[in-house]
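This report looks at how the chain is divided, at one helix and its surroundings, and at the residues around the ligand.

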Amino acid sequence: RWVFMDGEYVKKEEATVSVFDHGFLYGDGIFEGIRVYEGNVFRLREHLVRLYESAHSILLGIPYTLEEMEKAVLEAVRKNSLKNAYIRLVVSRGTGDLGLDPAKCSHPRVIIIVDQVVMFPQRMYDEGLAIVTVPTRRNVPDALNPKIKSLNYLNNVLVKIEANQAGVGEALMLNHEGYVAEGSGDNIFIVKKGVLYTPPCYVGALDGITRQAIMDLCGRLGYTVKEEPFTRHDVYVADEVFLTGTAAEVISVVSVDGRTIADGKPGSITNHLLNEFRKLVRVDGSH
Ligand code: PLP
């Protein structure tokens, strides 16, 4: 495996960064997780637009244009000759001193890792997940906007720990008002009476690329999707619940906080969307 580090390729085992990197010291940086399906990078443009918007928002100057970055990602995929892979693109503020002032970091660091994907086992898609809601709240947009995919993932890490403690694979964060925001690394949809609902980003959710792909698919397949805030109660009484994300794709949820969702089996709309999504990723590569 080869890791792209600031324009050079370094062997995986030798790809290391300085302890003075502010990504390490302060979580000062941004990232993207992107999938490669049968050699096609899924929605690369959209991921890069989100990356550059995150960078702009935190005043981080990426030393490449979006087009250069696009070429670098495709080259990194080619160099690792993996047909199905996960790309982790990281831009950190770079090396500075122990103070948190980013003005001391003159060279943002760009890293592109291409590696094997670790997926949920197919059994989990067939049976659906049990999840819980956890005490950790999603920060609201007046703090660090959840739309910024920053290296500050402690909130999400805590959610994962709380999920582990509850003995389940994923958990949901609510926002400070009690509205459902998202999972530790995925967006949520519910289905009620044939209509799909997903929280608007202002509730405290990342503008997920998979979320958008599902909304596009719904348009094509004739399903209505509404971006509306909803509560835990709405989730408990939904006909179907599913999560979306680059790693998880579309995964059914069959139990939330011990409440069985409908008949406790993945719903038909969820299954339909998962099948269509899996077809889409195989034909919808950027290149
Ligand atoms: N929400 C959070 C907090 C995430 O980290 C992710 C993963 O990137 C998602 C949602 C899903 O977004 P996407 O579909 O772009 O992977």
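Helices (H or I, at least four residues) and strands (E, at least two) are taken here as DSSP runs, numbered from the N terminus. Residue numbers start from 1 along each chain as its sequence is written. The model is a predicted one, in which local features need pLDDT of at least 70 and side-chain atom pairs count only at pLDDT 80 or more, while totals for chains, interfaces and linings use all residues.

**Ligand shell**

The ligand is surrounded by 14 residues, the closest being L206, G208, I209, T210 and T246; a residue is counted as near a molecule if its C-beta atom, placed from the backbone, lies within 6 Å of it. At least two residues of this shell come from each of α6 (209–221) and β13 (240–245), and α6 gives the most, with 3 residues.

**Domains**

An automatic or database domain assignment provides the domain bounds, and by these the protein chain is divided into domain 1 (2–115) and domain 2 (122–283). Their C-alpha centres lie 26 Å apart. Across the boundary, 21 residues of domain 1 are in contact with 13 residues of domain 2, contact being defined by C-beta atoms, placed from the backbone, that lie within 7 Å. On the side of domain 1 that touches domain 2, β3 and α2 each supply at least two residues, and β3 gives the most to that side, with 8 residues.

The table gives the make-up of the two sets by class, where Ala, Val, Leu, Ile, Met, Phe, Trp, Tyr, Cys and Pro count as nonpolar, Asp, Glu, Lys and Arg as charged, and the others, Gly among them, as polar.

| Set | Nonpolar | Polar | Charged |
|---|---|---|---|
| Side of domain 1 that touches domain 2 | 6 residues | 8 residues | 7 residues |
| Shell around the ligand | 2 residues | 9 residues | 3 residues |

**Helix α3**

Helix α3 (residues 66–79) has 14 residues, which at 1.5 Å a residue should span 20 Å (1.5 Å times one less than the number of residues), and its end C-alpha atoms are 20 Å apart, in agreement. Within α3, M69, V73, A76 and V77 are buried, that is, 20 or more other C-beta atoms lie within 10 Å of their own, whereas 12 or fewer make a residue exposed. Seen down the axis of α3, its buried residues fall within an arc of 100° (taken from the directions from the helix axis to the C-beta atoms), so they line one face of the helix. The face turned away from this buried side carries the exposed residues E67, K71 and R78. The buried residues of α3 pack against β1 (2–5), β3 (29–37), β4 (40–41), α2 (44–57), β5 (85–92) and β6 (109–115). After α3 comes S81, whose phi is positive, near 30°.

Terms used: Two residues are in contact if their C-beta atoms, placed from the backbone, lie within 7 Å.
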